[in-house]
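This text walks through one protein chain, beginning with a single contact between helices and widening from there. Keep the sequence and the structure in view while reading.

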Amino acid sequence: MKKDVVLSIDHLSKKFGKFEALKDVSFDVNKGEVFGFIGPNGAGKSTTIRILLGILKASGGTATVFGQDVWKDSVSIHKRLAYVPGDVYLWPNLSGGEIIDLLLKLGGAKHSARTDELIKQFKLDPTKKARAYSKGNRQKVALIAAFSTDSDFYIFDEPTSGLDPLNEEIFQQNVLKLKQEGKSVLLSSHILSEVEKMCDRIGIIREGQIIETGSLDEMRHLTRTVIRVTTSEQLSELHNQPGVHGVESGTKTNEVTFSVDSEYLDNVMKYLAGKGITALQSTPPTLEDLFMRYYNANGKQVKEVGSHD
Ligand SMILES: Nc1ncnc2c1ncn2[C@@H]1O[C@H](COP(=O)(O)OP(=O)(O)OP(=O)(O)O)[C@@H](O)[C@H]1O
Ligand SMILES: [Mg+2]
């Protein structure tokens with residue numbers, strides 16, 4: 001294992017009976033990195049995470065955290081790991097504050113100034129009994145406990161699904177704080193704006209297979225830039241330029257909108273420059289575009305997998 005790798009997953013597979021929930025999952029998370037684990041419902045994010053936590057046993061492949069086997073060495077791994085699931089279940093008769101302290105104690109940590117700070121940030125009323133909490137409030141309890149521990153690796157499985165935008169922002173600030181402290185984070189999500197802001201690299205999983213891993217910049221290369229341009233000469237040959245798609249005339253004379261594969265951007269700009277550019281607007285590709293391409297490519301199967309839930 002390389003020194004700065006916190007999590008290493010190599011050809012991991014998991015079968016539930018005949019159903020292959022994970023077919024071939026490989027990726028690493030480096031020290032100090034926030035890694036986004038992105039995929040549609042039923043893609044295998046939680047299954048992967050449950051294997052990392054030692055809750056499920058893999059059918060094949062290997063996974064190590066801190067260089068230790070996730071199944072055999074789970075007790076020792078858990079001493080340096082914090083985890084928040086998407087569905088948080090709490091003891092109904094305890095108050096939020098009592099549960100936070102209990103979760104901390106179970107993890108060998110203590111209620112600290114940081115805990116109080118987090119309770120304030122997330123505006124949690126810690127005196128209420130857990131049975132009276134909404135989904136978002138239950139998530140806050142688990143997040144506050146996780147963020148107040150001093151762990152080396154934090155795993156969040158769709159942790160903000162019940163949080164409103166303000167609390168999501170607080171969540172993001174705290175993840176960035178962990179990153180500044182050199183901690184490592186695995187964050188599963190299908191909210192792309194969340195990932196774009198926080199993650200250094202992302203892995204896209206679909207139907208139990210990683211289909212893409214890389215930095216956001218690397219992924220953006222796979223997407224198209226939208227250009228709106230006005231030129232002094234007519235752009236009669238634009239639609240024949242390589243990499244150009246969806247040419248549409250605008251409202252003004254010689255105004256067109258089109259998209260271009262990022263790798264052909266240079267060629268297209270040269271072509272446009274030869275026609276006398278008088279106005280130009282470009283919209284950079286978003287991760288959303290990239291993700292939608294994967295959804296569209298196999299929308300049907302995505303649905304079928306989701307229906308197993
Ligand atoms: N214990 C189980 N027994 C049988 N099938 C399971 C089990 N756990 C998960 N699955 C199936 O494995 C697939 C992957 O599920 P998983 O929960 O990992 O998806 P996910 O990516 O976390 O989805 P979501 O975004 O909805 O949380 C799904 O088709 C699911 O139905
Ligand atoms: Mg899940």
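In this predicted model, a good place to start is the contact where R114, L118 and Q121 in α4 meet I170, N174, K177 and L178 in α6. By class, the residues of this contact of α4 with α6 are three nonpolar, two polar and two charged. The α4 residues in the contact follow a spacing that can be read from general helix geometry. An α-helix has 3.6 residues a turn, so residues three or four places apart point the same way.

How are two such helices described? Two packed helices are described by the angle between their axes and the distance between the axes. Helix α4 covers residues 113-121 and helix α6 covers residues 165-180; they pack at an angle of about 150 degrees, and their axes are 11 Å apart. Since angles over 145 degrees count as roughly antiparallel, α4 is roughly antiparallel to α6. The crossing of α4 past α6 is right-handed.

Helix α6 has another partner, α5. The two pack at an angle of about 15 degrees, with 12 Å between their axes. Angles under 35 degrees count as roughly parallel, and α5 and α6 are therefore roughly parallel to each other. Their crossing is left-handed. On the α5 side the contact is made by K140, L143 and F147, which meet N167, F171, N174, V175 and L178 in α6. Sorted by class, the contact of α5 with α6 holds five nonpolar, two polar and one charged residues.

F147 deserves a closer look. Not counting residues up to four places away in sequence, F147 touches R114, L118, F122, F156, F171, N174, V175 and L178. R114 and L118 belong to the α4 side of the contact described at the start, while F171, N174, V175 and L178 belong to the α6 side of the contact with α5.

F147 is also part of the largest nonpolar core, which has 37 residues. The members that touch the most other members are L143, F147, F156, F171, V175, V185 and I202. Helix α5, residues 135-148, gives the most to this core, with six residues. Another core lies apart from this one; it has 27 residues, including L22, F37, A63 and F66.

Helix α5 also packs against α3. Helix α3 spans residues 96-106, and the angle between α3 and α5 is about 40 degrees, with their axes 9 Å apart. The crossing of α3 and α5 is right-handed. G96, I99, I100, L103 and L104 in α3 meet V141, I144, A145 and S148 in α5. The contact of α3 with α5 has seven nonpolar, two polar and no charged residues.

Is A145, one of the α5 residues in that contact, buried or exposed? A145 counts as buried because its relative accessibility is 6%, and buried means under 20%. Leaving aside neighbours within four places in sequence, A145 is in contact with I100, L103 and L104. The C-alpha atom of A145 is separated by 9.6 Å from that of K110, a residue 35 places away along the chain.

Helix α1, residues 45-52, is mostly covered, with six of its eight residues buried. The buried residues of α1 are K45, T47, T48, I49, I51 and L52. G54 follows α1 and has a positive phi, near 80 degrees.

Two other residues also have a positive phi. Most residues other than glycine have a negative phi, and most peptide bonds are trans. H11 is not glycine, yet its phi is positive, near 50 degrees. H11 sits in strand β1, residues 5-16, and counts as partly exposed because its relative accessibility is 47%. Phi of E207, again a residue other than glycine, is positive and near 50 degrees. E207 lies in the loop between β9 (201-206) and β10 (209-215). With a relative accessible area of 13%, E207 is buried.

The last step is to view the chain as a whole. The chain has 11 helices and 14 strands. Of its 309 residues, 45% count as buried. Among contacts in the chain with a separation of 6 or more, 68% are between residues 24 or more positions apart.

Conventions. Residues numbered from 1 in each chain as written. Chains lettered and ligands numbered in written order. Predicted model: local features only at pLDDT ≥ 70, side-chain atom pairs only at ≥ 80, totals over all residues. Heavy atoms only, no water. Axes fitted to C-alpha atoms, helices over the stretch in contact; angles between N-to-C directions. Helix = DSSP H or I, 4+ residues; strand = E, 2+ residues; numbered from the N terminus. Parallel < 35°, antiparallel > 145°, perpendicular 65-115°, else oblique. Left-handed = near helix turned anticlockwise from the far one by under 90°. Contact = heavy atoms within 4.5 Å. Nonpolar A, V, L, I, M, F, W, Y, C, P; charged D, E, K, R; others polar. Core = buried A, V, L, I, M, F, W, Y, C linked by side-chain atoms within 4.5 Å. Buried < 20%, exposed > 50% of the residue type's maximum accessible area, 1.4 Å probe, protein only.
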